[in-house]
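Here's a quick briefing to help you find your way around a protein chain. Take a look at the sequence and the 3D view before reading on.

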Amino acid sequence: MNLLSFSLILFGVLLNAAAQLLLKAGTNAVGHFAFSRDNVLPVGWQLATEPHIMGGLTCYVISVVVWIMALSRVEVSIAYPMLSIGYVVNALAALWLFGEAVSVTRMAGIGIIIVGVYVVARS
């Protein structure tokens with residue numbers, strides 16, 4: 001895998017991770033909600049106009065374009081496992097940004113993911 005291909009994969013993964021974090025920030029801003037027949041339009045509108053959610057959806061759209069570019073250069077059996085990098089990024093960012101707990105077990109799982117991505121990238 002050359003530098004351009006790896007850069008496209010990494011950029012796509014980071015955009016996808018950013019999308020998840022923005023969506024979480026958006027749902028935190030909106031707060032807990034339940035859809036019912038009476039509130040589907042007001043809650044839907046609130047979600048659709050929340051800036052973090054709009055930013056997250058924008059990141060998703062751009063990440064799809066970047067991912068398609070990456071797939072045109074790299075075998076899917078190599079590219080797809082690289083999405084696991086997003087688990088690592090999101091776990092660490094959620095700890096830092098949202099104060100979410102990252103237990104020893106989660107850290108061990110993240111370590112396993114890092115080793116797996118390294119093995120796939122080197123194959």
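What follows is a short tour, starting with the whole chain and then stopping at a handful of residues.

Keep in mind that you're looking at a predicted model. The chain is built with six helices and zero strands, so going along the sequence you'd write its pattern as α-α-α-α-α-α, going by DSSP runs. It has 123 residues, and 28% of them count as buried.

**The whole chain**

- Picture a box of roughly 55 × 35 × 20 Å along the principal axes: that's what the C-alpha atoms fill.
- Take the contacts in the chain with a separation of 6 or more: 78% of those link residues 24 or more positions apart.
- About 7,900 Å² of the chain is exposed, and carbon and sulfur atoms supply 71% of that area.
- The chain has 5 positive and 4 negative charges, and the mean positions of the two sets are 8 Å apart.

**Two serines tucked away**

- Start with S5, which sits in helix α1, the stretch covering residues 3–30.
- Is S5 buried or exposed? Its relative accessible area is 3%, and buried means under 20%, so S5 is buried.
- Leaving out residues up to four places away in sequence, S5 touches R73 and V74.
- Next comes S63, part of helix α3, which runs over residues 51–71.
- S63 has a relative accessible area of 4%, so this serine counts as buried too.
- Which residues does S63 touch, if you skip those up to four places away in sequence? They are G12, L15 and N16.

**Helix α3 again: M54**

- M54 is another spot to check in helix α3.
- With 41% relative accessibility, M54 counts as partly exposed, because that label covers values between 20% and 50%.
- M54 and L22 are 32 residues apart in sequence, yet their C-alpha atoms are 8.4 Å apart in space.
- Not counting residues up to four places away in sequence, M54 touches A48 and T49.

**A nonpolar patch on the surface**

- Which residues make the nonpolar surface patch of about 330 Å²? It's made by F35, V40 and L41.
- V40 belongs to helix α2, which spans residues 40–49.
- How accessible is V40? The value is 40% relative accessibility, which makes V40 partly exposed.

**The loop between α5 and α6**

- A101 is in the loop that joins α5 (85–98) to α6 (104–122).
- A101 has a relative accessible area of 56%; exposed means over 50%, so A101 is exposed.
- How far is A101 from E75? They're 26 residues apart in sequence and 35 Å apart in space, going C-alpha to C-alpha.
- V102 also lies in the loop between α5 and α6.
- V102 comes in at a relative accessible area of 21%, and because buried means under 20%, V102 counts as partly exposed.
- The C-alpha atoms of V102 and S72 are separated by 35 Å, and the two residues are 30 residues apart along the chain.
- Setting aside its neighbours within four places in sequence, V102 is in contact with A91, L95, M107 and I110.

**I110 in the last stop**

- I110 is found in helix α6.
- Is I110 buried or exposed? At 10% relative accessibility, I110 is under the 20% cut-off, so it counts as buried.
- Without its neighbours within four places in sequence, I110 has contacts with V88, A91 and V102.
- A91 turns up in the contact lists of both I110 and V102, so you can trace these three residues together in the 3D view, with contact meaning heavy atoms within 4.5 Å.
- I110 and L83 are 27 residues apart in sequence, and their C-alpha atoms are 13 Å apart in space.

Conventions:
Residues numbered from 1 in each chain as written. Predicted model: local features only at pLDDT ≥ 70, side-chain atom pairs only at ≥ 80, totals over all residues. Heavy atoms only, no water. Helix = DSSP H or I, 4+ residues; strand = E, 2+ residues; numbered from the N terminus. Buried < 20%, exposed > 50% of the residue type's maximum accessible area, 1.4 Å probe, protein only. Areas by Shrake-Rupley, 256 points an atom, 1.4 Å probe, with all protein chains shown as cover. Lys, Arg positive; Asp, Glu negative; His and termini not counted. Charge placed at Lys NZ, Arg CZ, Asp CG, Glu CD. Patch = residues over 30% accessible without salt bridge, like charges linked within 9 Å, V, L, I, M, F, W, Y side chains within 5 Å. Salt bridge = Lys/Arg side-chain N within 4 Å of Asp/Glu carboxyl O.
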